[in-house]
Structure formats: structure tokens, C-alpha cells
Amino acid sequence: MSGEANAVVTGIGQSQIGRHLERSARDLTLEAALAAISDAGLRRADIDGVSAYPGGEPPVFDIKDNLRLDLTWFDAGAEGPAQLRAFTSACMAVETGRARHVLVYRTVTMFGGDASETGTGAMTGSFDWLLPYHAYAAPTWFALYAQRFMHERAIHREQLAAIALNGRRNAALNPCALFRDPLTLDDYLGARMISTPLCLYDCDAA
């Protein structure tokens, strides 16, 4: 079936979350995928599409083989609006009849070692331009966009705080969340700065 009305989310799944789990990206992804398939009331045999962002770890084919999926369509890549890219691609696959039930995943794991010791030889592409300026991680990269956006829209940190405060309110409703204690505006404004204008509470927990 195709058509915009048929592109709907029918199930969700989440793997174990935490620090130092000593579990591979593949293991965590498979756990979340099986939970999502079950939540949708489907079987693995029903899944005929996979969409991932950015698609490198774990690779789509790795998930396909481990779940023994018979795919008619798959997609993965970093180009697009981050995690939303995988979701919109899945919607297009359903709307155009390329697939009926698409498994969408995004897996994030932390790796060991100090980013400052990485060196440009181990990372290529845009990292060749970032690492020499000590831009080792996402807070530094996205701080540039945030600074420009706040300048153009005359936004202050009190408004930026709404994102973190809302996220913490939502986390309080999730029994699996790592941080569930209330977060106030004073907490946010008093947190240490990581990369202006982003403070500690604008960043992922590592």
C-alpha cells in the first residue's frame, strides 16, 4: 500500500541505556529492533525495509543478517537532518510502495580514549578541518550553529534553556532514563560552559 496516510509509526523499541555497559552497538540495536517489532505486533518476517542514520555502526546489512530479514528496500547515510533523515526516508519508502514495514534505527555508543589523542590520521573528511582547531566533539561543532542562530534571532540563554528543561521533564516520565531529577532554570544557567553558548545541560551524557 502507498499513500501518505499509510506512513505511520506502529511500534517503538529501546535498548538498555547506561554507562560502561560493555555491550556492542550491534547487540544494543538488535535488542531495540526486536522490542520495536514486538511493540508493533509484527514478526521479523514482516519487515521488508530498514532505514538507519548514519548507517555506519552497526551497518544495515549487519542488522539484516542478524535478524534474517528479507528486504525489498534499505537506506542509510549521514546526509540529511540527523536522526530525522532515517524516519523521513522510511516514510517515503512506504508512501511510494517500496516497502510496507520499515525498521528505523539510530544507535549511539561511546568509545574509549581521549578525543584529543585521535589525530587527523585516524579520521578523515570534515574531521581534517575540525581536529587541528581542537574541535573534537559535537558541543564544539554545534555551538557555532547555535551562536549564529541566537545572534540572528535575538535569542537569549533563558530561551535556549527551554530545550534542556523540557527534555528533563520528559525524562522524568521515563523509568529507563539516566537523569530524572528536576532541572530548574537556575540549575541550567549556573552550569559550567562547555562551548559558548552551550553549557553542560545542552550536552549528551558521556
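**Close-up views of aromatic pairs and nonpolar cores**

**View 1. The exposed ring of Tyr-145.** Tyr-145 is exposed, its relative accessible area being 60%. The structure shown here is a predicted model. Phe-142, at 49% relative accessibility, counts as partly exposed. Both Phe-142 and Tyr-145 belong to helix α5 (residues 138-153), where they stand three residues apart, about one turn of the helix.

**View 2. The edge-to-face pair of Phe-61 and Phe-74.** The count of aromatic pairs comes to two. In one of them, Phe-61 and Phe-74 meet edge-to-face, at 4.9 Å centre to centre and with 65 degrees between the planes. Phe-61 lies in helix α2 (residues 60-67) and Phe-74 in strand β2 (residues 73-76), so this pair ties together parts that are 13 residues apart in sequence. Phe-61 is partly exposed, with a relative accessible area of 47%, and Phe-74 is likewise partly exposed, at 42%. The pair formed by Phe-142 and Tyr-145 is tilted, with 6.1 Å centre to centre and 40 degrees between the planes.

**View 3. The largest nonpolar core.** This core has 13 residues, and those with the most contacts inside it are Val-50, Ile-63, Leu-67, Leu-69, Leu-103 and Tyr-105. At least two residues of the core come from each of α1 (25-39), β1 (49-52), α2 and β3 (102-105).

**View 4. The surroundings of Val-50.** Leaving aside residues up to four places away in sequence, Val-50 touches several residues, including Val-60, Leu-69, Trp-73, Phe-74, Leu-103 and Tyr-105.

**View 5. A second core.** Separate from the largest core is a second one of 12 residues, which includes Ala-146, Met-150, Ala-164 and Leu-198.

How values were computed
Residues are numbered from 1 along each chain as its sequence is written. This is a predicted model: local features need pLDDT of at least 70, side-chain atom pairs count only at pLDDT 80 or more; totals for chains, interfaces and linings use all residues. Side-chain values use heavy atoms; hydrogens and water are left out. Rings of Phe, Tyr and Trp (its six-membered ring) pair if their centres lie within 6.5 Å; planes under 30 degrees apart count as stacked, over 60 as edge-to-face and the rest as tilted. Helices (H or I, at least four residues) and strands (E, at least two) are DSSP runs, numbered from the N terminus. Buried means under 20% relative accessible area, exposed over 50%, partly exposed in between (1.4 Å probe, protein chains only). A nonpolar core is a set of buried Ala, Val, Leu, Ile, Met, Phe, Trp, Tyr and Cys residues joined through side-chain atoms within 4.5 Å. Contact means heavy atoms within 4.5 Å.
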